[in-house]
Amino acid sequence: YFDKAISLKSGFHKLYYNKGNFVAKAGRYQEAIAYYEQALKYKANYTDAWLNMGNSYAAMNDYQDALKYFRMVEAAEPQNHKVLINIGITYRILGDEVNANAYFEKAKQYGQ
């Protein structure tokens, strides 16, 4: 259905984003990233796509690229609670407790 929708309305960013989410849930992260990149062609500052690109890279244990996309979200939305937590988790995985804790504290400030 995603492919049919994309063929009918190929310039709509959310179709690519949603297909990316669908394939990511199936564990096809590289394919998901390609769909998020397509979404970004139609909406350049689409922070949800950046966030899920970061999540996809993290799922593939590519934490440097994950941080790159998480930081893009943070630059656009400095109070985005989800991305602050994701950055903290990524730093923790990388063994950087100082930065991890700093991001967890930031997340607490802006959390719900």
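The legends below describe close-up views of a predicted model.

**View 1. The whole protein chain is built from helices and has zero strands.** The protein chain holds seven helices, and read along the sequence its pattern is α-α-α-α-α-α-α. Of the 112 residues in the protein chain, 39% are buried. Among contacts with a separation of 6 or more, 35% join residues that lie 24 or more positions apart.

**View 2. Helix 2 packs with helix 3.** Two packed helices are described by the angle between their axes and the distance between the axes. For helix 2 (13–25) and helix 3 (residues 29–42), the angle is about 170° and the axes are 8 Å apart. Angles over 145 degrees count as roughly antiparallel, and helix 2 and helix 3 are therefore roughly antiparallel to each other. On the helix 2 side the contact is formed by His13, Tyr16, Tyr17, Lys19, Gly20, Asn21, Val23 and Ala24. Helix 3 meets them with Tyr29, Glu31, Ala32, Tyr35, Tyr36, Gln38, Ala39 and Tyr42. Sorted by class, the residues of this contact are 10 nonpolar, four polar and two charged.

**View 3. Helix 3 crosses helix 4.** The axes of helix 3 and helix 4 come within 9 Å and cross at roughly 165°. That angle makes helix 3 roughly antiparallel to helix 4. The crossing of this pair is left-handed. From helix 3, the residues in the contact are Tyr29, Ala32, Ile33, Tyr36, Glu37 and Leu40. From helix 4, they are Ala49, Trp50, Asn52, Met53, Ser56, Tyr57 and Ala59. The contact of helix 3 with helix 4 divides into 10 nonpolar residues, two polar and one charged.

**View 4. Helix 4 has buried residues that pack against several other helices.** Helix 4 (47–59) has 13 residues, and its first and last C-alpha atoms are 18 Å apart, close to the 18 Å expected at 1.5 Å a residue. Its buried residues are Thr47, Ala49, Trp50, Leu51, Asn52, Met53, Gly54, Ser56 and Tyr57. They pack against helix 2, helix 3, helix 5 and helix 6.

**View 5. Asn52 sits in helix 4.** Asn52 has a relative accessible area of 14%, so the residue counts as buried. Leaving aside residues up to four places away in sequence, Asn52 touches Tyr17, Asn21 and Tyr36. Tyr17 and Asn21 are among the helix 2 residues that meet helix 3, and Tyr36 is one of the helix 3 residues in contact with helix 4.

**View 6. Asn61 lies in the loop between helix 4 and helix 5.** Most residues other than glycine have a negative phi. Asn61, just after helix 4, takes a positive phi of about 65°. The relative accessible area of Asn61 is 55%, so this residue is exposed.

**View 7. Helix 5 has buried residues covered by parts of the chain that include three helices.** Helix 5 has 14 residues, which at 1.5 Å a residue should span 20 Å, and its end C-alpha atoms are 20 Å apart, so the two values agree. The buried residues in helix 5 are Tyr63, Ala66, Leu67, Tyr69, Phe70, Val73 and Glu74. An α-helix has 3.6 residues a turn, so residues three or four places apart point the same way. What covers the buried residues of helix 5 includes helix 4, helix 6 and helix 7 (97–110).

**View 8. Helix 5 packs with helix 6.** Helix 5 (residues 63–76) and helix 6 (residues 81–93) have axes 9 Å apart and pack at an angle of about 155°. The angle makes helix 5 roughly antiparallel to helix 6. The crossing of the two helices is left-handed. Tyr63, Leu67, Phe70, Arg71, Val73 and Glu74 come from helix 5. In helix 6, they meet Val83, Leu84, Asn86, Ile87, Thr90, Tyr91 and Ile93. By class, this contact has nine nonpolar, two polar and two charged residues.

**View 9. Ile89 is found in helix 6.** With a relative accessible area of 40%, Ile89 is partly exposed. Ile89 and Phe104 are 15 residues apart in sequence, and their C-alpha atoms are 8.3 Å apart in space.

Terms used: Residues numbered from 1 in each chain as written. Predicted model: local features only at pLDDT ≥ 70, side-chain atom pairs only at ≥ 80, totals over all residues. Heavy atoms only, no water. Axes fitted to C-alpha atoms, helices over the stretch in contact; angles between N-to-C directions. Helix = DSSP H or I, 4+ residues; strand = E, 2+ residues; numbered from the N terminus. Parallel < 35°, antiparallel > 145°, perpendicular 65-115°, else oblique. Left-handed = near helix turned anticlockwise from the far one by under 90°. Contact = heavy atoms within 4.5 Å. Nonpolar A, V, L, I, M, F, W, Y, C, P; charged D, E, K, R; others polar. Expected span 1.5 Å × (residues − 1). Buried < 20%, exposed > 50% of the residue type's maximum accessible area, 1.4 Å probe, protein only.
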